[in-house]
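Good morning, everyone. Please bring up the sequence and the structure, and I will go through the contacts one group at a time.

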Amino acid sequence: MKKQLLLVAGLALAVLSAPAFAEGNGFIRFEAGRSDLDLRVDGVGSGSEKDTTWGLRGGYWFNPNFAVEGFYSQLSSTAVYEGSLKLHGVGVGVVGKKNFGEAHQGFFISGRAGIVRGVATWEYDGSVEEAEAGSVKPYFGVGAGYDFNEKIGLSVNYDQLKGGDDGLDVTARTTTLGLEVRF
């Protein structure tokens, strides 16, 4: 939890200090959609599940084609054995983007990659236990969308995140609709 708070604080400082960079823009993006989860546990078996996912991303566009981002994504929230299980991730990465018009205007394609730390939170009888769902792993994603102007854009995104350790393997594939606001 402390690492998540440090990431959020660092992201907030980066966004608030964005005016110090003359060329670029800070941004915040909200994404929501569907996740397709594949879980495999050695000696137990495997399974898959589809669920609703949402995420909040923010960062800085150094120029119209390159940005850094930090994010929080909730991949699944499921009722299990009279309790609830939430899978979520916190990560940092880079974003590349190509507009087919002026900078931050018109249709675009994008790609992103970085590292994510997956966390599983289990709540049962009012108590909450948090366990790391694996070590830090790479993620990647692609997107396509439309920038209405230099401040607002809408995109469809596909991301793949992996996690796992000690006989547990988790793969999350998400398809989301994203709204980005640049300032």
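I start with a charged pair: Asp147 is buried, and so is Lys97. Buried here means under 20% relative accessible area, exposed means over 50%, and partly exposed is in between, using a 1.4 Å probe and protein chains only.

Some housekeeping before I continue. This is a predicted model, in which local features need pLDDT of at least 70 and side-chain atom pairs count only at pLDDT 80 or more, while totals for chains, interfaces and linings use all residues. Residues are numbered from 1 along each chain as its sequence is written, and side-chain values use heavy atoms, with hydrogens and water left out.

Back to the charges. What joins the side chains of Asp147 and Lys97? They meet in a salt bridge, at 2.6 Å from N to O. A salt bridge is a side-chain nitrogen of Lys or Arg within 4 Å of a carboxyl oxygen of Asp or Glu. Asp147 lies in strand S7 and Lys97 in strand S4 (residues 83-99), so this pair ties together parts that are 50 residues apart in sequence. Helices and strands are DSSP runs, numbered from the N terminus; a helix is H or I with at least four residues, and a strand is E with at least two.

Asp147 has another partner. Arg182 forms a salt bridge with Asp147, and the closest N and O atoms are 3.3 Å apart. Arg182 is in strand S9 (residues 168-182) and Asp147 in strand S7, so here the parts tied together are 35 residues apart in sequence. Arg182 and Asp147 are both buried. Through shared partners, salt bridges join Arg29, Glu31, Arg57, Glu69, Lys97, Arg112, Asp147, Asp159, Glu180 and Arg182 into one network.

Two members of that network are Arg112 and Glu31. They form a salt bridge with the closest N and O atoms 3.0 Å apart. Arg112 sits in strand S5 (residues 106-124) and Glu31 in strand S1 (residues 25-41), so to speak of distance along the chain, they are 81 residues apart. Both of these residues are buried. How many salt bridges does a search of the whole structure find? It finds 13.Next, the rings. Rings of Phe, Tyr and Trp (its six-membered ring) pair if their centres lie within 6.5 Å; planes under 30 degrees apart count as stacked, over 60 as edge-to-face, and the rest as tilted. By this rule there are 7 aromatic pairs. One of them is Phe71 with Tyr139, which is edge-to-face, at 5.0 Å centre to centre and 80° between the planes. Phe71 belongs to strand S3 (residues 66-80) and Tyr139 to strand S7 (residues 137-147), so the pair ties together parts that are 68 residues apart in sequence. Are these two buried or exposed? Phe71 is buried, at 2% relative accessible area, and Tyr139 is buried as well, at 3%.

Tyr146 and Phe148 also pair: their ring centres are 5.2 Å apart and their planes at 70°, so this pair is edge-to-face too. Tyr146 is partly exposed at 32% relative accessibility, and Phe148 is exposed at 52%. Ring pairs also link Tyr60, Phe62 and Phe66 into a cluster.

Some rings have a charge over them. That is counted if NZ of Lys or CZ of Arg is within 6 Å of the ring centre and within 35 degrees of the ring normal. Arg57 lies over the face of Phe71, at 4.1 Å from the ring centre. The charged end of Lys97 sits over the ring of Trp61, 5.1 Å from its centre.

Now the nonpolar part. A nonpolar core is a set of buried Ala, Val, Leu, Ile, Met, Phe, Trp, Tyr and Cys residues joined through side-chain atoms within 4.5 Å. The largest one has 9 residues: Leu37, Phe71, Leu75, Leu87, Val116, Ala120, Tyr139, Leu161 and Ala172. Which elements give two or more residues to this core? They are S3 and S5. In soluble globular proteins, nonpolar side chains tend to be buried together.

Last, the hairpin of S4 and S5. These strands run antiparallel and are joined by 17 bridges; two strands pair if DSSP finds at least two bridges between them. The bridge partner of Leu87 in S5 is Ala120. The hairpin has 6 residues between the strands, and His104 takes a positive phi near 55° there. His104 is in the loop between S4 and S5 and is buried, at 6% relative accessibility.
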